[in-house]
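The following exercises invite the reader to study a protein model step by step. Please consult the sequence and the structure while working through each solution.

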Amino acid sequence: MAVLLLAALSVVAMSSPARAAATPQEVTGFGSNPGNLRMFRYVPPGLAGGRPVVVAMHGCTQNAAAYAANTGWMRLADTYKFSVVFPQQQTANNMNACFNWFEAGDTRRGSGEALSVKQMVDRTKRDNGSTSAYVSGLSAGGGMTSAMLAAYPDVFSGGGIIAGLPYGCANSVASAFTCMSPGVNKSPKEWGDKVRAAFPSYSGPRPKVSIWQGTADSTVKPVNATELMEQFTNANGTDQAPDITDTVGGYPHRVYGGTVETYQITGMGHGQPVDPGTGPAQCGTPAPYILDMNICSAYHLVRFWGIDDSASPTPTGTSTPTPSSTPPPYSDTAIGTVTEYTKLGAAHGYSTSVPLYQCTAGWTDKADCSPL
């Protein structure tokens, strides 16, 4: 049974060689490492202090180097100036090198693999002066991303779950099969309660969560994206009615309360979408389960999290200033050209024409200058 589970979530990493000259470097001695993981890290040359750290977790049978090379994270790190930690599972823990997203001892706060990943972030913060952290992962790495967001909302400001599973969906090999296919249906509150139970005393802000799913995925059924949306909208205190429904790169995209978003990648099977090329919104190299779908998920994660420094300050205070002007509506075709309002719109998920207003404290989509 365990072998079948590992095969079902397997993401084969026998892919093409890395096209970038740089490779992640192994870091040892990063903590007690109760999950017995290896830590690899990429730090762009000359990285200034205070820049974010992104954790990117591979799928089954992958390793840190291949995942780093094929997903485009290192190129984005060079462009937007952040460091990337690539945790690596060991076959001693899991025969197919899957992160143990379904094991309670590896997903609880303060124990197992989850604590090992948190220690990697702590080490990078000490080394590079990082003040914020984000986490993403594919498949089993996506399941572990859910766990990190639930167990450590005080550590991570945002997450990206790609072909992943809800937190608390499984606690054994058998239940993991059911979670993956056909999926487990719970109410938003039931799912949200599992997140809140992971750190019961926590009352601070919750991470922003981006959820990516292929509609033709037969390994992790698409219903899991719906359950994830319900889990994290409830945990983040918003409802399940989208505030924005549009398309990005031709794919259905929804935003909930500005804190959770979903992408349905039409026709994509089990994998992470990339868009090879040198354009500003492109990244990645096709490989097994790293799929050329003409959209780079890592790039859009960076934009949604706001770590590309594109967003203007949010208006503050109780006064209601008058807009000074109404600029042309935002268009997703202008992302690469760069006026302040186009970058703000992109950072908040707009890809259709939306009027934005220039107010005293910055740009907003509200005519009365209330916060975006």
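The exercises below concern a predicted model, and each is followed by a worked solution.

**Exercise 1. The sheet**

Determine in what order the strands of the open sheet are arranged, and which strands form its edges.

Solution. The open sheet consists of 10 strands, in the order β1-β2-β4-β3-β5-β6-β7-β10-β9-β8, with mixed pairing. At its edges lie β1 (25-27) and β8 (244-248), each of which pairs on one side only. On average, neighbouring strands of this sheet are turned by 20° against each other, direction ignored. For one pair in detail, consider β5 (residues 133-138) and β6 (residues 158-162): these strands run parallel and are joined by five bridges. Within this pair, L138 has I162 in β6 as its bridge partner.

**Exercise 2. Helices against the sheet**

State which strands helix α5 touches and which strands helix α3 lies across.

Solution. Helix α3 (residues 73-80) lies across β2 (38-42), β3 (53-57), β4 (83-88) and β5, and runs at about 155° to β4. Helix α5 (residues 112-128) packs on the sheet and touches β1, β2, β3, β4 and β5. The direction of α5 makes about 40° with that of β2.

**Exercise 3. A network of salt bridges**

Identify the residues that are linked with R41 in a network of salt bridges.

Solution. First, the side chains of R41 and D127 meet in a salt bridge, at 3.1 Å from N to O. Because R41 lies in strand β2 and D127 in helix α5, this pair ties together parts that are 86 residues apart in sequence. R41 is buried, with a relative accessible area of 13%, whereas D127 counts as partly exposed at 37% relative accessibility. Next, D127 forms a salt bridge with R123, with the closest N and O atoms 2.7 Å apart. D127 and R123 both belong to helix α5 and are four residues apart, about one turn of the helix. The network therefore links R41, R123 and D127.

**Exercise 4. Helix α9**

Check whether the end-to-end distance of helix α9 agrees with the expected span, and decide how far the helix is enclosed.

Solution. At 1.5 Å a residue, the 13 residues of α9 (residues 223-235) should span 18 Å. The end C-alpha atoms are 19 Å apart, which agrees. As 10 of the 13 residues are buried, α9 is largely enclosed by the rest of the structure. Among the buried residues are L228, M229 and F232. After α9 comes G237, whose phi is positive, near 80°.

Key. Residues numbered from 1 in each chain as written. Predicted model: local features only at pLDDT ≥ 70, side-chain atom pairs only at ≥ 80, totals over all residues. Heavy atoms only, no water. Helix = DSSP H or I, 4+ residues; strand = E, 2+ residues; numbered from the N terminus. Expected span 1.5 Å × (residues − 1). Buried < 20%, exposed > 50% of the residue type's maximum accessible area, 1.4 Å probe, protein only. Pairing = 2+ DSSP bridges. Axes fitted to C-alpha atoms, helices over the stretch in contact; angles between N-to-C directions. Contact = heavy atoms within 4.5 Å. Salt bridge = Lys/Arg side-chain N within 4 Å of Asp/Glu carboxyl O.
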